[in-house]
Amino acid sequence: MGKVLEGTIVTSQLPKVVLNMNLTSTQGNFTFDPVTKILSWDIGKINPQKLPSLKGSMSLQAGTPKPDENPNINVQFKIQQLAISGLKVNRLDMYGEKYKPFKGIKYMTKAGKFQVRT
């Protein structure tokens with residue numbers, strides 16, 4: 001069973017010939033800025049059993065050919081209680097403290113810049 005992705009945000013810079021978009025998502029909220037041509041989809045938490053999808057159509061400027069380039073897709077996400085590196089903390093010793101520290105480690109994986117090129 002896979003881990004749950006949290007704080008998932010997908011963004012894409014679309015070509016300049018795109019005027020508007022008519023989209024439907026199964027999960028999360030999306031926005032399209034017609035001035036900057038940036039599509040942003042805030043999915044939030046992704047459950048491995050129910051994957052989100054974004055479908056729709058786009059309006060292009062009249063008289064312009066279909067864009068030949070594929071837009072880059074940027075993905076941000078977090079995975080709680082997982083260290084992708086495999087790094088594990090076995091023991092932690094603290095000296096000079098008058099209290100007993102809580103015994104436990106919280107792991108989290110956070111995506112930096114992840115880009116999907118199609």
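What follows is a chat about a predicted model, its cores, its surface and a few single residues.

Biologist: What kind of model is this, and how are residues numbered?
Modeller: It's a predicted model, where local features need pLDDT of at least 70, side-chain atom pairs count only at pLDDT 80 or more, and totals for chains, interfaces and linings use all residues. Residues are numbered from 1 along each chain as its sequence is written, and side-chain values use heavy atoms, with hydrogens and water left out.

Biologist: OK, which residues make up the largest nonpolar core?
Modeller: Eight of them: Val10, Trp41, Ile43, Ile46, Val75, Phe77, Ile79 and Ala111. By nonpolar core I mean buried Ala, Val, Leu, Ile, Met, Phe, Trp, Tyr and Cys residues joined through side-chain atoms within 4.5 Å. Buried is under 20% relative accessible area, exposed is over 50%, and partly exposed is in between (1.4 Å probe, protein chains only).

Biologist: Which elements give two or more residues to that core?
Modeller: Those are β4 (38-46) and β6 (73-80). Strands here are DSSP runs of E with at least two residues, and helices are runs of H or I with at least four, numbered from the N terminus.

Biologist: Is there a general trend behind that sort of thing?
Modeller: In soluble globular proteins, nonpolar side chains tend to be buried together.

Biologist: What does Ile46 touch?
Modeller: Leaving out residues up to four places away in sequence, Ile46 touches Val4, Leu5, Thr8, Gln27, Leu51 and Pro52. A contact is heavy atoms within 4.5 Å. Apart from the largest core lies another core, of six residues, including Leu14, Val18, Met21 and Leu39.

Biologist: Switching to Ser12. Buried or exposed?
Modeller: Ser12 counts as buried because its relative accessibility is 8%. Its place is in strand β1 (residues 5-13).

Biologist: Which backbone oxygen does the Ser12 side chain reach?
Modeller: That of Asn72, at 2.9 Å. For a polar contact, a pair of N or O atoms must be within 3.5 Å; within protein, one must be able to donate a hydrogen and the other to accept it, and residues adjacent in sequence count only if both atoms are side-chain atoms. Not counting residues up to four places away in sequence, Ser12 also touches Lys37, Ile38, Leu39, Pro71 and Ile73.

Biologist: You mentioned Lys37. What is its phi?
Modeller: About 65°, so positive, although Lys37 is not a glycine. Most residues other than glycine have a negative phi. Lys37 is in the loop between β3 (29-33) and β4, and it counts as buried at 11% relative accessibility.

Biologist: And Lys55, buried or exposed?
Modeller: Exposed, at 60% relative accessibility. Lys55 lies in strand β5 (residues 54-60) and touches Asn22, Leu23 and Thr24, not counting residues up to four places away in sequence. The C-alpha atoms of Lys55 and Ser25 are separated by 6.4 Å, though the two are 30 residues apart along the chain.

Biologist: What about Gln49, where is that found?
Modeller: In the loop between β4 and β5, and Gln49 counts as exposed at 56% relative accessibility.

Biologist: Last one: where is Pro101, and how far is it from Gly86?
Modeller: Pro101 is in the loop between β6 and β7. C-alpha to C-alpha, Pro101 and Gly86 are 24 Å apart in space and 15 residues apart in sequence. Pro101 counts as partly exposed, at 35% relative accessibility.
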